[in-house]
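Visitor: Please give me a close look at one part of this model, the empty space inside it, and then work outward to the elements around it.

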Amino acid sequence: MADVRLSSIAKSFGALTVVRNVDLEIASGELVVFVGPSGCGKSTLLRMIAGLEPISQGKLMIGGADMTDVDPAKRGIAMVFQSYALYPHMTVRENMGFALRFAGMPKAEIAERVASAAKILELDALMERKPGALSGGQRQRVAIGRAIVRHPDVFLFDEPLSNLDAELRVHMRAEIADLHNRLKSTMIYVTHDQVEAMTLADRIVVLKKGEVEQVGSPLDVYNRPANLFVAGFIGSPRMNFLPAMLGAAGDGKVEIAIAGGDAVVIDWAGELPVENVRVTTGVRPQNVRLAADGEPGVRATVELVESLGAETVLHLRLSGGDAVLAVLPGQQALRVGAAVRLTFDSAALHVFGKDERRIGP
């Protein structure tokens, strides 16, 4: 295990800068997930840590040693790619031990390491099979085993589950989490799937256009997104964003008025606004519900009903014209075109200012 420190890391291809001034400390034994949309720089950042891309600016430290310009083979890392990259003519045993044989390690030590990794990954019964006789999940476990036998200081995963079907992704996600719990190794994991990030990470690093937007535990990022981008990217379905007016209500409270609806009063920890200001209010679909009689709410029309059994997803249009998604528990007897009144869990509202940064509550 080793800690990883990135200081003012940047990457440029000619005049194009794809990663900008990344400062990040990853503790020994921590599992950190880089997440963001395609083209945000997450895989490029991982490849710089691996030494597969030269660093244009900044310093990389692994285990207290400067690895900025060190050869990839000497960095103490092992990488698992999206493609399994197994040798089709070799057995599972031979694939897992190939890099060690190439490095000239004694046969007895190779056999011991391969056997240990196979036990961890439950590959014992598959050791004499070739990749063509394995499922996608089994091939990915072999690829992970090939990394484990090297006893690296840091594991790097570059979207390792992207080639798997939905059910197998869920299974492999649990296996990787269990592997981290057993090995207690430092792991850096890249994905565009925010569900993978939420379920696997000790901490999430959210990237956009080569810059870090927020770093925090999954629940910190979910509950207190730093800006509109993070709020919309983390969480499924994505957060609703509605224009609103924010004004002071006194006694540490503010009043939020969404167009076409009644104002709601919520607790406010920050500085109270002096006068009404235009803001963007964020509310997750799970925090939208049907208003009871006499309860403050906003008028809406049902445009689509998705009945999923355990829950119902409503696509609605507010009287002011804004679209809203609501996830309601159970089975709802609502039809397209129905007029309803919605209310929002006031404790779960997020408020963003003109610069798209979070300002409260």
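**From the cavity outward**

Guide: The largest cavity has a volume of about 100 Å³, where a cavity is a set of points, on a 1 Å grid over the protein atoms alone, at which a 1.4 Å probe fits but cannot get out, and lining residues have an atom within 4 Å of a point. Points are joined across faces, edges and corners, and the volume is the space filled by probe spheres set on them. The model is predicted, so to speak of a local feature requires pLDDT of at least 70 and side-chain atom pairs count only at pLDDT 80 or more, while totals for chains, interfaces and linings use all residues. Residues are numbered from 1 along each chain as its sequence is written, and side-chain values use heavy atoms, with hydrogens and water left out.

A search of the whole structure finds 1 cavity of 30 Å³ or more. Its lining includes Ile 256, Ile 258, Gly 261 and Asp 262, together with Pro 296, Gly 297 and Val 298, and, further along the chain, Leu 342, Thr 343, Phe 344 and Leu 349. Two or more lining residues come from each of strand S12 (253-258) and strand S19 (339-344), strands being DSSP runs of E of at least two residues and helices runs of H or I of at least four, numbered from the N terminus. S19 gives the most, with 3 residues. By class the cavity lining has 8 nonpolar, 3 polar and 1 charged residues, with Ala, Val, Leu, Ile, Met, Phe, Trp, Tyr, Cys and Pro counted as nonpolar, Asp, Glu, Lys and Arg as charged, and the others, Gly among them, as polar.

S12 leads from the cavity into an open sheet of 6 strands, ordered S13-S12-S11-S14-S20-S21, with antiparallel pairing (two strands pair if DSSP finds at least two bridges between them). Its edges are strand S13 (264-267) and strand S21 (358-360), each of which pairs on one side only, and neighbouring strands are turned by 45 degrees against each other on average, direction ignored. At the S21 edge, strand S20 (residues 350-352) pairs with S21 in the antiparallel sense over 2 bridges, and Phe 352 has Arg 358 in S21 as its bridge partner.

The open counterpart of the cavity is a pocket, an open set of points with protein on both sides within 12 Å along at least five of seven lines. The largest pocket has a volume of about 510 Å³, and among its 18 lining residues Ala 78, Met 79, Phe 81, Ala 99 and Arg 150 lie nearest its centre. By class, this lining has 15 nonpolar, 1 polar and 2 charged residues. Strand S6 (77-80), helix H2 (92-102) and helix H4 (136-148) each supply at least two lining residues, and H2 gives the most, with 4.

These two helices also meet each other, with Val 92, Asn 95 and Met 96 in H2 against Val 142, Gly 145 and Arg 146 in H4, contact meaning heavy atoms within 4.5 Å. S6, in turn, belongs to a second open sheet of 6 strands, with the order S6-S7-S8-S3-S9-S10 and mixed pairing; the edge strands of this sheet are S6 and strand S10 (211-216).

Key
Axes are lines fitted to C-alpha atoms, for helices over the stretch in contact, and angles run from 0 to 180 degrees between N-to-C directions.
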